[in-house]
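Please work through the following exercises on charged side chains, using the sequence and the model shown here.

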Amino acid sequence: MEKLQQIQNYPTEIWLALITVLLPFAAFITNFLVVKTASRMAGFVSAVCIFLSLVSSGLLFFKIWNHPQLHVQTLWFQIGAVKIYAGLLLNNLSVLMLVLVDVTALAVHIYSLAYIRYDPKFRRYFRYLSFFCFAMLALVVVDNLLLMYACWELVGFASYLLIGFWFTREKAVLASKKAFIMNRIGDLGFLIGIMILFAHFHTFDLIQLFGNPNNFGTNNLSGTWLTIAGLCFFLGAAAKSAQFPLHTWLPDAMEGPTAVSALIHAATMVAAGVFLLARVYPVFNPEVKTVIAITGSFTAFMAATIALTQNDLKKILAYSTISQLGFMVAAMGVGAYSSAMFHLMAHAFFKCLLFLSAGVIIHEMQHLKEKLHLDIDPQNILYMGGLRKVLPVTFVVCVIAALALIGFPLTSGYLSKDSILIQAFEWAEGKSFFFKIIPVSILITSWMTAFYIARLMFKVFWGESRLKQMVPTFQPHLSAEKKLFTLPMLFLSVFCLFPVFSLNPLLYEHSWVFRGFLNADYFERENIYHTIIPAAVNLITIPVVYVAYLRYARQQVNWFPEHGFLFKLSYNHWYIDIFYQKQVVKTVVWFSKKLYAFDRLVIDGFINLLAKAGLFLSRISAWFDKYLVDGTVNFIAFRVRDLGSFARSFQTGKVQQYLLTMLLFILGIYLFKTLI
């Protein structure tokens, strides 16, 4: 009764949080148990539930944002003297992620109603999608590391189901396995980090662990164990957010439905890694932060160089996601916590929009492939061109999203990316040359971002359709873009513009997201970086885009020939996948075979030898038992029986026989005495 009364006394914010999280789970259960297999009602149920979840999270956002955090918990279980509590933690980080997940998820759900409409596994798709959203929403509001880990695993499991949704395709099955296995490496690090903290503090509670600034210092957890714990948590985040060297699963994850790719790359799975860094940020000491900054900046640079030469539309966007996640991770490493969260939110919208646009483009190319009876890959941009006249709405929203990705003025990307670049240069100020490489590499990466997304746009939307080279009579016509495609994209395009985040289009310090994670006294434009960096980025970006236009739209220059070492290095993903396959996987398989042989020949051989020896000894024991022990016992029994039978033969009941027997007995004794 006390617990029931306690639950009834929870504030409105807690009920809103529970509604936000549980509505997608209710959609999952409904679609699993109630909706019939052939029914299209599953999509409607999931979309309505995610819409109501968005309404709830929106109300919760306005109640919590920039207000004191709210934390409620109840006893979960007890082991000895250790009590484990479970509850909800609502602060700026939690409610921002709730809204972000719900907004992008709603767009994906509406888009999926048309995208997956004719798929025979329609109901299964929306079951998985609802479960995916539930796992991510739960992850961002739970108040202890143990529950976080459970939700973390649910997010990974749901992504495994969605990446391998088309399980009849071998590539999709392999991609889902690859994502699952590579994330297990990070999950092991996450788990070890949790155990280190629990061993020291005897609690999983986030407030008790990270709410006290004295927990991580000279008086408490410090030195080597603090560094190890920080690196373990970062390993978990690196795998989830596809950071080098655990990044190769993400491009392969494009084998799933494009709408799933939009959600994974926007605000769910890959965002979970950055969210983890934000949640446990106090555990990172300067040494770990340096490792995080180096890893993030290198990943951003490497992925951008790979995206320069790829021809698969979705893989270009996948490597773009890896690169942008590198920006966020590097920001965490240089101490730009608020900028990382700002870019996470801005990136979620324009990257989700780019993937949804890619889905429309691929859908149209698939239609043309079937119509013209061509044997082409509908995702290959080399077969595209001139689609701005065929898909005008998709073209417009794609331009907006691309400008945001580039970081063009008046877009959200301009504000969030500049904030990372400026704070990275401020962080490197006064440090050695080695540390200055980090902000410089991020700056170069931002220019490469402009080039590869410009290359994609010009190859897809400008020029003439490459299909004309294969079918000279082909004439492209305006396509009837479905409203269930265009409405979510138009909705997301609004979030790619600066007014959503700041009324000042040039100063990131005025962004409400940025302010939500900093103290008020931080907002000072202290140095020249605040002027030089935005100017440098845009002064170089415009010529870079123009060069891409000349090369890929007008084809007037041939400055980037598709041969040579650097091209091959980029086109083959820095040979990292090949290295993993030929060295790591091959070595693991070889070692596994040796272990199997050792197990079969040595361990199993020894066990089998023991078994045979035991069997031999048991046979000897059985023979000894049967012929000696049992034989002796049986011999005595038989002799006793025979003696009894002999004695019984004298008991006839005849007096004459008794007298004769007595006479013979006495005669026998007499003879015996006489002879002796």
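The exercises below concern salt bridges in this predicted model.

**Exercise 1.** Determine which residue pairs with Lys-178 in a salt bridge, and which parts of the chain the pair ties together.

*Solution.* Step 1: the partner is Asp-577, with the closest N and O atoms 2.9 Å apart. Step 2: Lys-178 lies in helix H7 (residues 170-201) and Asp-577 in helix H24 (residues 576-648), so the salt bridge joins parts that are 399 residues apart in sequence. Step 3: Lys-178 has 21% relative accessibility and therefore counts as partly exposed. Asp-577, at 18%, counts as buried, because the limit for buried is under 20%.

**Exercise 2.** Identify the salt-bridge partners of Asp-642, including one within helix H24 about one turn away.

*Solution.* Step 1: Arg-639 forms a salt bridge with Asp-642, the closest N and O atoms being 2.8 Å apart. Step 2: both residues lie in helix H24, 3 residues apart, which is about one turn of the helix. Step 3: Arg-641 also forms a salt bridge with Asp-642, at 3.7 Å between the closest N and O atoms. Step 4: Asp-642 is partly exposed at 33% relative accessible area, and Arg-639 is partly exposed at 37%.

**Exercise 3.** Is Lys-351 buried or exposed, and what is the nearest side chain of opposite charge?

*Solution.* Step 1: Lys-351 belongs to helix H15 (residues 337-372). Step 2: Lys-351 is buried, yet has no salt bridge. Step 3: the nearest side chain of opposite charge is that of Asp-312, 13 Å away, whereas a salt bridge requires the atoms to be within 4 Å. Step 4: residues touched by Lys-351 include His-265, Ser-320 and Gln-324.

Notes
Residues numbered from 1 in each chain as written. Predicted model: local features only at pLDDT ≥ 70, side-chain atom pairs only at ≥ 80, totals over all residues. Heavy atoms only, no water. Helix = DSSP H or I, 4+ residues; strand = E, 2+ residues; numbered from the N terminus. Buried < 20%, exposed > 50% of the residue type's maximum accessible area, 1.4 Å probe, protein only. Lys, Arg positive; Asp, Glu negative; His and termini not counted. Contact = heavy atoms within 4.5 Å. Lists of a residue's contacts leave out its neighbours within four places in sequence.
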